[in-house]
Amino acid sequence: MDRGKVSVAAPYLPAPVAVPSSELLLDRLGAYWQALGVSDPDQVTALSEQALRRLPELPETPGVDPVGRAVVAAGDLLDDWLARALQLPRPSLALAAARAALLSGAAPDWPATLFAPPGEANALRDALRAAIAEPAPIPSPGAMPAQRIDLFSLLGPLLRLWRPEPRA
Amino acid sequence: MTQSVQSPIMGHTLRRVMFFLLVLLTTLVAMGLMVSVFQTDGISLMELILLLLYAILFSWICVSFWTAFMGFFVILTGRDRWAISRQSAPSAAPAAPLPRTAILMPIYNEDSERVFAGLRAIHRSLADTGRLSDFDFFVLSDTRDPEVWVEEELRWQDMVRALDGKGRIFYRNRPENISRKSGNLEDFCTRWGGHYRYMIVLDADSIMKGETLVAMVRIMERHPRVALVQTPPVPINRVSLFARILQFAGSLYGRMFTAGLNYWQLGESNYWGHNAILRVQPFLDHCGLPKLPGREPFGGDILSHDFVEAALLRRAGWEVWLAYDLEGSYEEIPPTLIDYAKRDRRWCQGNLQHLRLALSQGFNALSRLHFSMGVMSYLASPLWLLFLIATGVDAYFQTQQEQVYFFGQNWIPVWPVSFAVEMTTVLLVTLTMLFLPKILALVLLLKDSRLRRAYGGMLNATLSVVLETVFSVLTAPVLMLFQTKFVLAILMRRAVGWPSQQRGDHETGFREAALTHGMQTLIGVVAGVLSYHYVPAFFWWFIPVLLGLMLAIPVSMLSSSIALGRMSREWGLFLTPEETDPPAVLRYLEANLKEDEPVLPVLREASGSRFVQALTDPYVNALHLSLLPEREPPGKRRRHYLEGLIHQLEEEGPDSLSAAQKRDLIADPETLLRLHALFWSRSPVEVLSG
């Protein structure tokens, strides 16, 4: 068999780049910030650089290449800011809900606020709090014991005669 | 809390005694007729079998007939002082504040757009009453399909944003759908039930008027002994000919049957699983369902849980009512004959399971009857088939006795005595069963001019009844064979599963019809040839059944036609009040489906795959992550399994994964975040940015 003729289908996702160039990293991060809603090129650059600075501190994520880690760092940066602004624990589902609220368009000017002095973030904070919808109310647990159903059995009466139930 | 078992109203007992006496007497008279025919030359084994089958089937028909007759009487006189909606309670204050009530919509792989359009219509209708703040909405998802799951989350978020429903409109997807729908409701009750005095359970296609919801809560407030009030859901909104015929029949005859059911069942009525209000605490205390011993189909989870829950509430002394006169409760029905049969297949297993419960200890007599009626609604089909076969065989043996049917040139046959009376009786019974309640329903229209107009006038309504009767005669043998097949499959312990329904309008093509009805057509042809050849006299009596089977393919295809459905509407046929003058809540639903513009941009854009969007779109990814339940990190084996799936996705793409595998990937928060980073690092940017 001529192994040279065996063709392998291209993988769905391209192979990871082991040592990405800084251009590639900035390009990817730029696209990611834009997808998050940051449209000002200066803000995109500043945020991308901040994300890259956090990269060395970020714990290793198995199976994620350096570009992927940069994306994780960008998300981490955003979560940091959200956690501080809304005083939410990290990591938490509430933080993910806050991120979803932020990205849902509830606060369209959020990138500007990110660069504003801390006191000017109050309006954004209120808008976000209003936009975070709890998926469920706080629990009010109750017990629902399985009921006993004594199914009919032809042998039932005989068995009861043989082994009478103890008196209460 | 356990209530007194018997309602203190003497009339309740009188009604039931009257009902069962009528059923018993009618059955005895018919049986007497049959026995006298058979007795002429002694009763053979075959005749004994025929008698037994006839007794079961006739009493079943009598229950239905007398129920309809009593309903006719109640509606005609307009008097029913024991209807739960009309019973007065001295302590009732009409403007008293309502207690918190949860509106629950359990869903399983449904069309999310329709589900949320329906919920929004109900929400708006409730807002019209000014009582919206007394109700919370819960979408209780058991959805397994990852595409539908993500879509549901987006639709929920959109509904919350659009209706300012924060803290009032909730959504959750169960990690495991243990015990199906009953487990879904149990999960709600045990986690959040304590917040609410009542819960109103809907189905994915249920629609209810706000006024009706408020009225249901008020009834419960007036009657502290009542644990459950069921409303009769009227079928609506489908446009295929099949569905429009069923909608017409359900609407016109249904109100008579439900009025009749309430007449003799009163506070010992049944639960149909949706469009009903339940008192949460008794439901928690008494409706935890056990697993039945043994394996499926008769053991395991209780499938048709509603009947059992009603029976358990009655066992604990609570009242269960059917508020037959509460309007504004709607549901959608399957659009084609094949979908109708598929729904039957799901219900059949659950109802046959009730065989084991009907004789269980501790249940009330009427609960046992409900179980038996549920069983009979499917067992009747194989019994009818057996009866037809036995009649044919009996007729064949009689022909072997060398009897002479025709004398000289006379074309009118002279039947042997037992054969002619037997067949005439069967025919008369069938005709009575089919026609009399339909005629009674038309009589009721004569009395009410508003209703008469709503059904398109007396002439159109009468013509619709005639056509509906012809259609039901043609489809009855087809459904008989379907149900017989389901019953046999279940008795042979072949579980039928719990597939989700295809609820939207769609048509049946020739291939689907031929594959589904081919065997039925063949049976019709073979039975026709055999009866024509061996029992020619019997053949002519058998024609309605044979015709239904032989025409199964064209009838199934034509009746699924949306064009014919629309045409019949233009001609004023099969009209229902909901079509003639739709209530506001149905207009809201239609508007939601046609014109509503989602608030979320992601829902306005076309999406190839919501699963891929959950991995790539930062918003969808964050929303999905925020809605995942908190749970322990996966163990080592699970991590390896997920790792394998990630590699498969990287190499072969999402199409190589099954729905369950996709679900596993997006159900784990760590994997979700990792895949998000992975896609953003390696996919072409143009793809990711849309």
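This briefing walks through the interface between two chains and one sheet in chain B. The model is predicted, so please read every value below as computed from it. Chain A and chain B meet over a buried area of about 4900 Å², and chain B also holds an open sheet of 7 strands.

**The interface of chain A and chain B**

- On chain A 54 residues take part in the contact, and on chain B 69 residues do.
- Carbon and sulfur atoms give 63% of the area buried between the two chains.
- The rule finds 0 salt bridges across this interface, while 20 residue pairs are in polar contact, both partners at pLDDT 80 or more.

**The side of chain A that touches chain B**

- At least two residues each come from α1 (22–36), α3 (66–86), α4 (93–106) and α6 (122–131) of chain A.
- The most is given by α4(A), with 9 residues.
- Sorted by class, this side has 39 nonpolar, 7 polar and 8 charged residues.

**The sheet of chain B**

- Its strands follow the order β3-β2-β1-β4-β8-β6-β9 with mixed pairing.
- At the edges stand β3 (169–173) and β9 (319–322) of chain B, each with a single partner strand, so one side of each has no neighbour in the sheet.
- On average, neighbouring strands are turned by 20 degrees against each other, direction ignored.
- Strand β6 (residues 226–230) of chain B pairs with β9(B) in the parallel sense over 4 bridges, and B:Gln230 stands opposite B:Leu322 in β9(B).

**A helix across the strands**

- Helix α3 (residues 112–129) of chain B lies across β1 (101–107), β2 (135–141) and β3 of chain B.
- This helix, α3 of chain B, runs at about 170 degrees to β2(B).

Technical notes:
Residues numbered from 1 in each chain as written. Chains lettered and ligands numbered in written order. Predicted model: local features only at pLDDT ≥ 70, side-chain atom pairs only at ≥ 80, totals over all residues. Heavy atoms only, no water. Contact = heavy atoms within 4.5 Å. Buried area = accessible area lost by both parts, 1.4 Å probe. Salt bridge = Lys/Arg side-chain N within 4 Å of Asp/Glu carboxyl O. Polar contact = N/O pair within 3.5 Å; in protein donor to acceptor, adjacent residues only side chain to side chain. Nonpolar A, V, L, I, M, F, W, Y, C, P; charged D, E, K, R; others polar. Pairing = 2+ DSSP bridges. Axes fitted to C-alpha atoms, helices over the stretch in contact; angles between N-to-C directions.
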